[in-house]
Amino acid sequence: MLDKPIGRRSLLRGAGALTAAALAPWPAGCAADDEALTFFFSANPDERDARMRIVDEFQRRHPDIKVRAVLSAPGVMQQLSTFCAGGKCPDVLMAWELTYAELANRGVLLDLGTLLARDPAFAAQLKSDSIEALYETFTFNGGQYAFPEQWSGNYLFYNRRLFAEAGVPAPPRTWDQPWSFAEFLAAARALTKRNGSGRTSQWGFVNTWSSYYSAGLFAMNNGVPWATPRMNPTHFNFDNEGFIEAVQFYADLANRYRVAPNASEVQSMSTPDLFAAGKAAIALGGHWRYQTFMRADGLDFDVAPLPVGPRRQGRAAASDIGTTGLAISASSQRKEQAWEFVKFATGPVGQALIAESSLFVPVLRSALDSRGFADAHQRVGNLAVLTEGPAHSEALPVTPAWEKVAALMDRNFGPVLRGSRPAASLAGMSGALDEVLRTP
């Protein structure tokens, strides 16, 4: 269950290349005297190809604007800091919901509000078609620093065959009618199998996201937000009883109930591979796992909402906002061209391409409800988990201090999730976190 931090939060180099001109190395791709509009993003190989479809279609419709795509290496924030300080900041850059505030706070990102005010037709279209929670994620200190371009919230994948063979009822189909922590645990227990020597041959549950984020997602589904307020928080709620209860429940899945791999077991296995091979019945993850599971031989899977804890009973289940956006560099010399590209990628045409890719969940309602998105997900019976997921998402904190906060969480959640400390020990972290928030 304590999966290594991989997936969309890892910044992959990507394998192979499309053409020498299509994906430029960083120094050449962001040279200040280059005539091309530079677009900086992070992606695995499949995602890279899907994003290049958007670039290619934009250039077909705007032959006067040349776009040079720049694929990031690991260490995105350090890259951006180094090259923006050196006058080589990309014109358009991918923004992550947890880290963009640091860039906005340092003046790296352009406030798009001024451009939006000059383009009332696009502004009206965006407002009517957007999902408010995702759009507002990139609103910081009164500025609009990015527009969302894909949703990567988390939910559950489940193996239909394993559920049927065990006689376990299928999970709920919608966020509005979720299952409880108790029902989830009962299913995971029934779906966990051990051989004669006591070795686990089939896990009831595996986590494919970063573990402390997943634990916090369970807390969110016990009615407790991570921090108060969401924007520029002054306090993290790790000392809240409901938060502690939910994190303890999550840790107990591995350490007490043994329905999920523990920390030492995860070191020698890949949790996504366990689910893909039919050796795990339920997997927590985001849409970035869809391609892996879709390609797995003989895997019959569907998707389901997360369970809710006793303090959230009677309310819909929640995912995390989990979105990336597109931003424009404040130092860009091609702001008008950048604006046209951002509008295209986050508007109806770009979002339609996102919907058809099967690699991303779009952020506009029209694209979510489109035939293209449905056709790209024909194997999913519970399509509403994806189409309604963005609207059932709740936000992680937005603060310039996020990287320092994440470092503290990494150190303090580890012993809890390994079972060497109770979740109540997280309360002791609150003071240190509050100090970080006061002096980001």
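## Tyr100 and its surroundings

In this predicted model, Tyr100 is buried, because its relative accessible area is 1% and residues under 20% are counted as buried. Tyr100 has its place in helix H4, which spans residues 100-105.

When neighbours within four places in sequence are left aside, the residues in contact with Tyr100 are Ala95, Leu109, Thr137, Phe138, Thr139, Phe140, Tyr145, Met231 and Val398. Two of these contacts can be described at the level of polar atoms: the side chain of Tyr100 reaches the backbone oxygen of Thr137 at 2.7 Å, and a polar atom of the Tyr100 side chain lies 3.5 Å from the backbone nitrogen of Thr139. As for Leu368, which is 268 residues apart from Tyr100 along the chain, the C-alpha atoms of the two residues are separated by 25 Å.

## The largest nonpolar core

The largest nonpolar core contains 150 residues, and the members that touch the most other members are Trp226, Phe238, Ile282 and Phe413. The element that gives the most to this core is helix H11 (residues 241-255), with 9 residues.

## Helices H11 and H20

Helix H20 covers residues 402-418, and its axis comes within 8 Å of the axis of H11, with a crossing angle of roughly 50 degrees. H11 and H20 are therefore oblique to each other, because this term applies to angles that fall outside the roughly parallel, roughly perpendicular and roughly antiparallel ranges.

On the H11 side, the contact is made by Phe243, Val247, Tyr250, Ala251 and Asn255, while H20 brings Phe413, Val416, Leu417 and Arg418. By residue type, the contact of H11 with H20 divides into 7 nonpolar residues, 1 polar and 1 charged. Phe413, on the H20 side of this contact, is also one of the four residues that touch the most other members of the largest nonpolar core.

## Asn237, ahead of H11

Asn237 has its place in the loop between strand S12 (235-236) and H11. Asn237 is buried, because its relative accessible area is 9% and the limit for this class is under 20%.

Not counting residues up to four places away in sequence, Asn237 touches Val224, Pro225, Trp226, Ala227, Thr228 and Phe243. Among these, Trp226 is one of the residues with the most contacts to other members of the largest nonpolar core, and Phe243 takes part in the contact of H11 with H20.

## Helix H10

Helix H10 (residues 211-220) is mostly covered, with 10 of its 10 residues buried. Its buried residues include the aromatic side chains of Tyr212, Tyr213 and Phe218, together with Ser211, Ser214, Gly216 and Met220.

Notes: Residues are numbered from 1 along each chain as its sequence is written. This is a predicted model: local features need pLDDT of at least 70, side-chain atom pairs count only at pLDDT 80 or more; totals for chains, interfaces and linings use all residues. Side-chain values use heavy atoms; hydrogens and water are left out. A nonpolar core is a set of buried Ala, Val, Leu, Ile, Met, Phe, Trp, Tyr and Cys residues joined through side-chain atoms within 4.5 Å. Buried means under 20% relative accessible area, exposed over 50%, partly exposed in between (1.4 Å probe, protein chains only). Helices (H or I, at least four residues) and strands (E, at least two) are DSSP runs, numbered from the N terminus. Contact means heavy atoms within 4.5 Å. A polar contact is a pair of N or O atoms within 3.5 Å; within protein, one must be able to donate a hydrogen and the other to accept it, and residues adjacent in sequence count only if both atoms are side-chain atoms. Axes are lines fitted to C-alpha atoms, for helices over the stretch in contact, and angles run from 0 to 180 degrees between N-to-C directions. Angles under 35 degrees count as roughly parallel, over 145 as roughly antiparallel, 65 to 115 as roughly perpendicular and the rest as oblique. Ala, Val, Leu, Ile, Met, Phe, Trp, Tyr, Cys and Pro count as nonpolar, Asp, Glu, Lys and Arg as charged, and the others, Gly among them, as polar.
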